[in-house]
Protein chains: 2
Amino acid sequence: MRRVVAQGTFDLLHPGHVHYLSDAAAMGEELHVIIARSGNVTHKEPPVVPDEQRREMVAALKPVDEAHLGHPEDIFVPIERIDPDIIALGYDQHHDEQRLQAALGERGIDCEIRRASALDRNDPDRLLSTGRIIDRILAERSD
Amino acid sequence: MRRVVAQGTFDLLHPGHVHYLSDAAAMGEELHVIIARSGNVTHKEPPVVPDEQRREMVAALKPVDEAHLGHPEDIFVPIERIDPDIIALGYDQHHDEQRLQAALGERGIDCEIRRASALDRNDPDRLLSTGRIIDRILAERSD
């Protein structure tokens, strides 16, 4: 049985998230998702939705077997605990795969790194990022 | 096999939606969800997320077997087609159950009307309505 880990912020859920998680789930038989804590989101604005609520919503999605909040200090702690066979990166996640592989090796975590495929973000009929949903709310609902 | 119908707008998904749908699913063996089209949402502001994307996101939730967009003119058309044993109303949906039962009877639809239970909307750790999520976005992201 291959265990797969996916990870991300998952702030306002959209079909890009579902696509990523479906793709990740198809890489194995059991999908665990690690949800970044707000305090650890440093490369973009902090999420709108509270940590535990984001975890709860990801856990409610069909492809997901278990959803976990990340560790406040050490991102490798939950990965060590889950002990995955595969880490599935999102198509747009800015991780250097070689550095990640090296860091996993230093921690004694032996797993394969794979990339999920992309949905077409420019699909005019869908809001395929949390940022686009927020932009629409600001455009339509600000006084 | 009891077929259950739930319905709503499902704009920005939150744990209140998941609770409603889990409750509805537990009333039978197969849960169908009817998602209101934007043009038919008249009792509150129109949804932010496009119709088909809202349908897609509801379909991705574990309790849901099938998600359908509503009919543009006649709300009873999908109910006739699905032919449910139970219609599960959300705890806060403003439907007069007796009038709804009478209207279903006139259309020859014989089903039971039940109410889902409530989650505590005032839970300080969760944003349990689309409106609260939007308010937080406006408060945190408006310039």
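**Note on the predicted model**

1. Surface. Chain A has an accessible surface of about 7100 Å², and carbon and sulfur atoms account for 45% of it. The model is a predicted one. Of the 143 residues in chain A, 47% are buried.

2. Fold. Chain A contains five helices and five strands. Read from the N terminus, these elements follow the order β-α-β-α-β-α-β-α-β-α. The radius of gyration of chain A is 15 Å, close to the 15 Å that the globule rule gives for 143 residues, so chain A is as compact as a globular protein of that length. Along the principal axes, the C-alpha atoms of chain A fill a box of roughly 55 × 30 × 30 Å.

3. Contacts and charges. Taking the contacts in chain A between residues at least 6 apart in sequence, 72% join residues at least 24 apart. Chain A carries 17 positive and 27 negative charges, and the mean positions of the two sets are 2 Å apart.

4. Annotated domain. An unreviewed UniProt entry places the feature "domain: Cytidyltransferase-like" at residues 6-134 of chain A. Over residues 6-134 the chain is 33% helix and 16% strand. The end C-alpha atoms of that stretch are 24 Å apart.

5. Annotated binding site. The UniProt annotation "binding site", again from an unreviewed entry, covers A:Thr9, A:Phe10, A:His14, A:Pro15, A:Gly16, A:His17 and A:Asp92. Two of the residues it covers, A:Phe10 and A:Gly16, are taken up in the next points.

6. A:Phe10. This residue lies in the loop between β1 (3-8) and α1 (15-26) of chain A. With a relative accessible area of 3%, A:Phe10 falls under the 20% limit and is therefore buried. Beyond its neighbours within four places in sequence, A:Phe10 is in contact with A:His17, A:Tyr20, A:Leu21, A:Val33, A:Ile34, A:Ile35, A:Arg54 and A:Val58. One of these, A:His17, is also covered by the "binding site" annotation from UniProt.

7. A:Gly16. A:Gly16 is placed in helix α1 of chain A. Leaving out neighbours within four places in sequence, its contacts are A:Leu119 and A:Leu128.

8. Backbone angles. Most residues other than glycine have a negative phi. A:Phe10 is not a glycine, yet its phi is positive, about 55°. A:Asp83 also has a positive phi, near 55°. A:Asp83 sits in the loop between α3 (76-82) and β4 (86-89) of chain A. A:Asp83 is partly exposed, at 47% relative accessibility, whereas A:Phe10 is buried.

9. Helix α1 of chain B. Within this helix (residues 15-25), the residues B:Pro15, B:Gly16, B:His17, B:Val18, B:Tyr20, B:Leu21 and B:Ala24 are buried. Their cover includes β1 (3-8), β2 (30-35), α2 (51-59), β4 (86-89) and α5 (130-141) of chain B. It also includes α2 (51-59) of chain A.

10. B:Thr130. Which helix of chain B holds B:Thr130? The residue lies in α5, one of the elements that cover the buried residues of α1 in chain B. B:Thr130 is buried, with a relative accessible area of 15%. Not counting residues up to four places away in sequence, B:Thr130 touches B:Asp11, B:Leu12, B:His14 and B:His17. B:His17 is itself among the buried residues of α1 in chain B. B:Glu112 is 18 residues from B:Thr130 along the chain, and their C-alpha atoms are separated by 28 Å.

Methods: Residues numbered from 1 in each chain as written. Chains lettered and ligands numbered in written order. Predicted model: local features only at pLDDT ≥ 70, side-chain atom pairs only at ≥ 80, totals over all residues. Heavy atoms only, no water. Helix = DSSP H or I, 4+ residues; strand = E, 2+ residues; numbered from the N terminus. Rg over C-alpha atoms; globule rule 2.2 N^0.38 Å. Buried < 20%, exposed > 50% of the residue type's maximum accessible area, 1.4 Å probe, protein only. Contact = heavy atoms within 4.5 Å. Areas by Shrake-Rupley, 256 points an atom, 1.4 Å probe, with all protein chains shown as cover. Lys, Arg positive; Asp, Glu negative; His and termini not counted. Charge placed at Lys NZ, Arg CZ, Asp CG, Glu CD. UniProt positions renumbered as here; feature names shortened; annotations may be inferred.
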